[in-house]
Each structure stands twice: as structure tokens, then as C-alpha cells.
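Please open the model in a viewer and keep the selection panel at hand. The tour below proceeds from pockets to aromatic contacts.

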Amino acid sequence: MITTKSNLFSEIEIAILSLNTDTISEERKLILQPLVAFIQDKVTNKKDVHINFICTHNSRRSHLSQVWAQTLAHYFSIQNVFCYSGGTEATALFPMVAQTLENSGFEIKTLSEGKNPVYSIKYDQNEHPIIGFSKKLNDDFNPKSEFAAIMTCDSANEACPLVVGAEQRIPIMFEDPKAFDNTPQQAEKYNERSLQIATELFYIFSQINT
């Protein structure tokens, strides 16, 4: 797909251009295909695309997925895509996630502090920032119907066999970088997971015919 000029921050654009979809196995592409089909159906029928990325604590993988999905939809000039995230419980967006995104070129600002800080996550000079904070999947901040629920972790996938209001429920699981918290490999592993998620979402949005 040919992209049009945007005002993405240059570091983010460099990160996107470095993504290599050849690293995605054919088996993994089959797992990603239902989300491709969901988005394509909405685009073809000129409907808004609502995607809620769900993980247990809404602290790591679901936020990385939300941010990269919103950014890549914009990169590929796919209109009316609205990305969200939620959990089976609310905790806090883990600080290393914010740091990892900042290292990839996102502009991060803390809007409020406390046990569950609220972040502004900006990817483009002229677009509204993504508002990042931990919330339950059915929080008022998230859609109530006509959305795809993307299950990004095993425990949330098992705990939520039914997501109320979801038009489609799609398991796309990622390994949890939390296993490397407080180790010398922490930053490396969070970046690795972030780029894996970005690569797979790049592949997904690159398949959409507008």
C-alpha cells in the first residue's frame, strides 16, 4: 500500500521504515488474518473501525498495541480507525512502556500522577494524542458495541470467553515483557516486544485495500 505524506515524528517514521514483516511466520500471519478481515470489511463498507486491545492489567502489551495500531493506521492513511485498550482489572500503565515508546520517538507527557497516571502519547504534529491510562475493558472511555476485542494475553483470553458488545473477539497473544522487570535485560526486552507488536500491526494495516 502507498502511504501519503503525514506529520509523523521523524524518529517514529524511521522506526516504522526499519520494520521487517519477513520475520512474521506464515503460521503467525494466519493468527493475524481475522483482524485484517475485520478492518477490511469496515473500510470497504465505509464504517468506523473500533479496536479494543485487551490484557489482564492493561499495563503493557495492550497499551503498546493500542499506540502502534493508531499510529500505523495513520501511517497507511486508513481513515476513521479508533484504537482503545482495557483490562480485566485496572492497575497502571507500566512506566517502562512509556519509556519504550518515548525511545521510539513518541512524545510522552504525564497529564496526572498517582497510582494510575494518565499520559498523553503523541505520534504526529497535527493529530490528537492518545490518552494512556489503565482501565477495565468496559470503561466508559472504551466503545460499547461494534468493536473488535483483541485478546493480547493468555490470562485475559481465558478469563473473557465473551466480551460484551464486541462484534468480533480475536486472540492475538504476545509474550509478557514483565518477566524481565528489574533485570539488566528489561529495556531490551520491552523494546523487542514493542517492535514485534509494531511489525505485526504494520503487516495488518499494509494488507488493507482502501
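Select strand 2 (81–87), which gives the most to the lining of the largest pocket, with five residues. Strands (E, at least two residues) and helices (H or I, at least four) are DSSP runs, numbered from the N terminus. The model is a predicted one: local features need pLDDT of at least 70 and side-chain atom pairs count only at pLDDT 80 or more, while totals for chains, interfaces and linings use all residues. Residues are numbered from 1 along each chain as its sequence is written, and side-chain values use heavy atoms, with hydrogens and water left out.

Next, add helix 3 (61–75) and strand 5 (130–132); these two and strand 2 each supply at least two lining residues. The largest pocket holds about 530 Å³ of space. Of its 23 lining residues, Q70, V81, F82, Y123 and E127 are the closest to its centre. A pocket here is an open set of points on a 1 Å grid over the protein atoms alone where a 1.4 Å probe fits, with protein on both sides within 12 Å along at least five of seven lines; lining residues have an atom within 4 Å of a point. Grid points are joined across faces, edges and corners, and the volume is the space filled by probe spheres set on the points.

Colour this lining by class: ten residues are nonpolar, eleven polar and two charged. Ala, Val, Leu, Ile, Met, Phe, Trp, Tyr, Cys and Pro count as nonpolar, Asp, Glu, Lys and Arg as charged, and the others, Gly among them, as polar.

Now select K42, V43, T44, K46, K47, S77, I78, Q79, N80 and T210, which line the second largest pocket. Its volume is about 160 Å³, and its lining divides into two nonpolar, five polar and three charged residues.

Turn to the rings. The structure holds six aromatic pairs (Phe, Tyr or six-membered Trp rings with centres within 6.5 Å; planes under 30 degrees apart are stacked, over 60 edge-to-face, the rest tilted). Show Y75 and F202: this pair is tilted, at 6.2 Å centre to centre and 40° between the planes. Y75 lies in helix 3 and F202 in helix 6 (residues 186–206), so the pair ties together parts 127 residues apart in sequence. Both are buried, that is, under 20% relative accessible area (exposed is over 50%, partly exposed in between; 1.4 Å probe, protein chains only). Adding F76 completes one aromatic cluster with Y75 and F202.

Finally, select F133 and F141, an edge-to-face pair at 5.1 Å centre to centre and 75° between the planes. F133 counts as buried at 15% relative accessibility, whereas F141, at 42%, counts as partly exposed.
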